Amino acid sequence: EKYNYGVIGLGVMGRNLLYNIADNGFSTAGFDLDEEKVKELHNGATPGTQVKGTASLEDFVSALETPRKIILMVPAGKPVDAVLENITPLLSPKDIVVDAGNSYFKDTERRIADLTSKNLHFMGMGVSGGEQGARRGPSIMPGGDLEAFTLLKPMLELIAAKVNGEACTAYMGKGSAGNYVKMVHNGIEYAIMQLISEAYDLLRKGANLNNDQLYEVFKKWNEGEMNSFLIEITRDIFKQKDELTDGFLVDQILDKAGAKGTGKWTSEQAMEIGVSIPTIDIAVTSRILSAYKEERVKASQLYAKEEIIKPENTELFIQEVGEALYLATLISYAQGLALLVKASEEYQFEIPLKDVVKIWRGGCIIRSVLLEKFYSAYTQAPDLSNILLNQEISGIVQSKIKSLRKTAAFAVSNGIPSLGLQTTLGYFDAYTTESLPVNLIQAQRDYFGAHTYQRVDREGVFHTSWQNVNN
Ligand code: 6PG
């Protein structure tokens with residue numbers, strides 16, 4: 001009896017995805033270089049499901065029905081290439097290999113070319129939702145090979161999260177679009193996490209809220225228009241007691257953020273193809289800055305902070321911080337989605353933006369009720385270059401902008417770091433300004449380097465012999 005699906009990489013994500021596939025009625029074989037993981041595989045499976053751990057890559061390959069459908073869930077980079085190198089000689093023409101990790105899209109392009117030349121199908125597929133998502137329903141972002149996609153689609157729709165009965169998976173476009181969309185998802189994830197951490201800082205330092213009060217604030221936020229996975233888990237974090245002290249765990253966690261690279265790739269990509277996504281950029285660099293803990297400690301002794309002047313009305317302050325966070329979150333999505341629009345042109349991905357926001361509504365880390373509004377915006381205008389240009393969205397923005405200004409101003413005047421909020425506000429102000437002062441930059445460029453400029457009143461390219469007025 002041959003197995004329907006195979007999963008390579010039985011870490012937390014791979015194992016859970018495998019169980020999810022098995023729970024939906026498919027027999028599934030798993031392989032991992034770590035023998036323990038293979039041995040333990042059946043322990044976590046739902047009784048009655050068909051799950052098999054295989055001891056070697058050869059056993060794994062021969063356990064699968066053809067064309068084989070193999071899902072890789074191994075760390076991005078060299079491990080993926082290592083698996084591909086070992087497995088491709090064992091495969092038969094038309095077999096399908098799906099990379100479900102956070103692979104860099106350019107690696108995926110290279111692998112597509114390589115495997116296609118061997119008459120195999122290779123697909124890059126983003127999967128979001130962490131451990132629970134993988135098991136109970138992630139958001140799944142497949143792209144590329146249409147033949148492979150069509151074969152996998154029924155299974156993907158079964159294992160994906162559901163919103164209003166609709167599966168959170170759809171074809172994300174050609175080539176490595178699936179990985180690209182997932183990369184941008186993570187960039188947005190970085191931005192939102194940065195913004196939430198700043199809201200937390202403002203509430204604890206600005207309004208002296210303790211963890212119990214923070215729990216209540218986030219609970220309330222999560223019950224309204226700010227409802228989202230990241231707000232929900234933040235709420236719960238403030239309740240978690242520490243096992244080693246009698247305090248809260250969050251207060252014992254060292255303030256140095258880690259990163260595995262997807263946020264950085266998003267920023268690099270945006271620079272490469274010329275898209276302005278400063279909230280994501282600042283979120284990446286804020287994590288980098290956080291790691292200078294020792295230097296920050298020294299600098300904090302050298303540069304004393306001004307005393308924080310508490311807000312007069314705490315309730316109002318909390319409300320404004322909430323609105324500022326909501327709006328800055330919205331603008332972070334706007335930046336990420338604008339990057340997808342440009343990338344779609346640049347790389348001919350043909351990314352369906354409407355489907356992207358649709359499948360992000362459930363299962364993934366950045367799921368939020370706000371995405372419902374984006375979904376209707378893209379339903380009206382699928383080619384919207386920036387979500388901020390939508391009429392309904394502009395109404396939301398206008399109703400919150402004052403709170404973002406007041407909150408950013410409070411942070412600035414009290415010396416509370418708020419790189420994300422300030423940057424987002426700066427982006428918004430620049431994006432919505434008809435005339436920016438870069439006419440002066442163009443003049444300077446032409447002055448010192450004859451780089452030329454365009455005029456507002458006539459067509460063409462101009463250069464001037466600028467006069468040094470002191471000569
Ligand atoms: C997801 C997450 C997932 C992973 C992040 C963490 O969508 O399920 O994004 O892919 O947890 O990549 O990234 P960092 O380690 O870079 O914060």
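Helices (at least four residues) and strands (at least two) are DSSP runs, numbered from the N terminus. With those labels in hand, here are the views of this predicted model.

**Figure 1. A loop residue, Asn119, with a positive phi.** Asn119 sits in the loop that links helix H5 (105–117) to strand S6 (121–128). Its phi is near 65°, a positive value in a residue other than glycine. Why point this out? Most residues other than glycine have a negative phi. Is Asn119 buried or exposed? Asn119 counts as exposed because it has 11 C-beta neighbours inside 10 Å, and the cut-off for exposed is 12 or fewer.

**Figure 2. A second asparagine with a positive phi, Asn208.** Look now at the loop between helix H8 (177–206) and helix H9 (211–223), where Asn208 lies. The phi of Asn208 is near 55°, again positive in a residue other than glycine. Asn208 has 11 other C-beta atoms within 10 Å, so this residue is exposed.

**Figure 3. A cis peptide bond between Thr66 and Pro67.** The bond that joins Thr66 and Pro67 is cis, with omega at about -5°. Most peptide bonds are trans. To find the spot, follow the chain into the loop between helix H3 (57–63) and strand S4 (69–72), which holds Pro67.

**Figure 4. The domains and the confidence of the model.** The protein is divided into domain 1 (5–171), domain 2 (181–431) and domain 3 (436–471). How many ångströms separate the centres of domain 2 and domain 3? Taken over C-alpha atoms, the separation is 38 Å. The UniProt record (an unreviewed entry) also annotates residues 178–467 as "domain: 6-phosphogluconate dehydrogenase C-terminal". That span is 64% helix and 0% strand, and its end C-alpha atoms lie 54 Å apart. As for confidence, the average pLDDT of the protein is 97, and 100% of the residues score at least 70. The model's ipTM is 0.97, and its pTM is 0.97.

**Figure 5. The shell around the ligand.** Here we zoom in on the 13 residues that surround the ligand. Which of them are the closest? They are Ser128, Asn186, Ala259, Lys260 and Ile365. By type, the shell divides into 3 nonpolar, 8 polar and 2 charged residues. Domain 1 and domain 2 each contribute at least three residues to this shell. Helix H8 and helix H11 (262–273) are elements to look for, since each supplies at least two residues of the shell.

**Figure 6. The annotated active-site residues, Lys182 and Glu189.** The "active site" annotation in the UniProt record (unreviewed entry) covers Lys182 and Glu189. Lys182 lies in helix H8, and Glu189 is found in helix H8 too. Are they buried or exposed? Lys182 counts as buried because it has 28 C-beta neighbours inside 10 Å. Glu189 has 23 other C-beta atoms within 10 Å, so Glu189 is buried as well. The cut-off for buried is 20 or more. Leaving aside neighbours within four places in sequence, Lys182 is in contact with Asn102, Gly126, Ser128 and Met141. On the same terms, Glu189 touches Ile365 and Ile366.

**Figure 7. The annotated binding-site residues, with Lys260 and His451 picked out.** The "binding site" annotation in the UniProt record (unreviewed entry) covers Asn102, Ser128, Gly129, Gly130, His185, Asn186, Tyr190, Lys260, Arg287, Arg445 and His451. These residues span 350 residues in sequence, and the farthest two C-alpha atoms are 49.1 Å apart, so they do not all gather at one spot. Lys260 lies in the loop between helix H10 (229–237) and helix H11. With 11 C-beta neighbours inside 10 Å, Lys260 counts as exposed. Where is His451? His451 lies in the segment after helix H19 (438–449). It is exposed, with 12 other C-beta atoms within 10 Å. Leaving aside its neighbours within four places in sequence, His451 is in contact with Arg445 and Asp446. Arg445, like His451, is covered by the binding-site annotation.

Technical notes: Residues numbered from 1 in each chain as written. Predicted model: local features only at pLDDT ≥ 70, side-chain atom pairs only at ≥ 80, totals over all residues. UniProt positions renumbered as here; feature names shortened; annotations may be inferred. pLDDT = per-residue confidence, 0-100. Near = placed C-beta within 6 Å. Nonpolar A, V, L, I, M, F, W, Y, C, P; charged D, E, K, R; others polar. Domains from an automatic or database assignment. Contact = placed C-beta atoms within 7 Å.
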